[in-house]
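Q: I'm new to this structure and would like a close look at a single part of it. Could you pick one residue and walk me through its surroundings?

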Amino acid sequence: MGEPNLQGIHDFLIGLAQQAGGMIVSANPSSVDTKKNSSDLVTETDKGVEELVSSSLRSAYPDYSFLGEETAQSGRLTDDPTFIVDPIDGTTNFVHAHPYISISLAFAHKQKPLVGVVYNPFTQHLYTAIKGEGAYLTAPKIPSSFPAEGEKVESTYERRRLPLRSPPPPLPDLSSAQVAVEYGNERTGDNWKTKINTFSALGRDKSIDGAMVQSVRSLGSAALNMCSVARGDIDVYWEGGCWAWDVAAGWVIVEEAGGMVVGGNKGEWTPKVDGRRYLVLRAGAGKELVEEFWGKIQGKLVYDDTD
């Protein structure tokens, strides 16, 4: 087995994401099952998209491993060249017809994400990155004027390098930050307490030992949250409990956009992709902001690969 052709993988994943996107937008998520509890949903579309993706990848790249949300026996990565797939990241949004969802496709080798493709088929926003070659957003171009009566309207797309604001503005402290968090599907126990108490600490006034962040957003898709950090409109994203398939594609997109991914607990400067706890910061944020955020975490996030 030779060295992976990252450009070829990148191009193949884009085509696959767009094909799967067609399945998603045409689907009616009427058959909904639960996995862990009522907040952990799966639809026939999730399963169908993963089947499409896995069969296509195994046919084109038979020597590479596959890790997908709906078929994985474990969330752990190996050093093998591996495709990491979330067929619908944001299933709850999908069920509720809220268009903040994506298909997330990544390629990793030696447990390092090297290619990332995240596609929202409803907005047609396509985020892509290859390690060492930058991150990009391809999206429909907004027309500068209304078409004349009877004039044919044709969609045009533009490809922009991330972050969208260059140079990115500085981010001196959390009080000037817009922060994304997620509740997750674990709603009892120590991790839940850590999350809820940390959410409170982020929002509280500084006079009562809070960070007084400008806003907190819970949007429902880890992959798109990471792409928002790469884009620059979410400053910080803190996550615990998600899996490698939720973050692998977004990881390389964030890093190639000049951002950073560290661990979701204090002192975790070199997190693993399958570590299940993450702190993601946009370009322009420094290590001082990491330390400030870690100082507001009220407890410690602890997960294994069977939760």
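A: Here is a look at one threonine, Thr-128, followed by the protein around it. Bear in mind that this is a predicted model, where local features need pLDDT of at least 70 and side-chain atom pairs count only at pLDDT 80 or more, while totals for chains, interfaces and linings use all residues. Residues are numbered from 1 along each chain as its sequence is written, and side-chain values use heavy atoms, with hydrogens and water left out.

Thr-128 sits in strand β7, which covers residues 125-130. Strands here are DSSP runs of E with at least two residues, helices are runs of H or I with at least four, and both are numbered from the N terminus. The protein has 14 strands and 7 helices.

Is Thr-128 buried or exposed? It's buried, because its relative accessible area is 3%; buried means under 20%, exposed over 50%, and partly exposed in between, using a 1.4 Å probe and protein chains only. Across the protein, 50% of the 307 residues count as buried.

So who touches Thr-128? Skipping neighbours within four places in sequence, Thr-128 is in contact (heavy atoms within 4.5 Å) with His-10, Ile-14, Gly-116, Val-117, Gly-134, Ala-135, Tyr-136 and Ile-253. For the protein, take the contacts between residues at least 6 apart in sequence: 66% of them join residues at least 24 apart.

Zooming out, the C-alpha atoms fill a box of roughly 60 × 50 × 45 Å along the principal axes.
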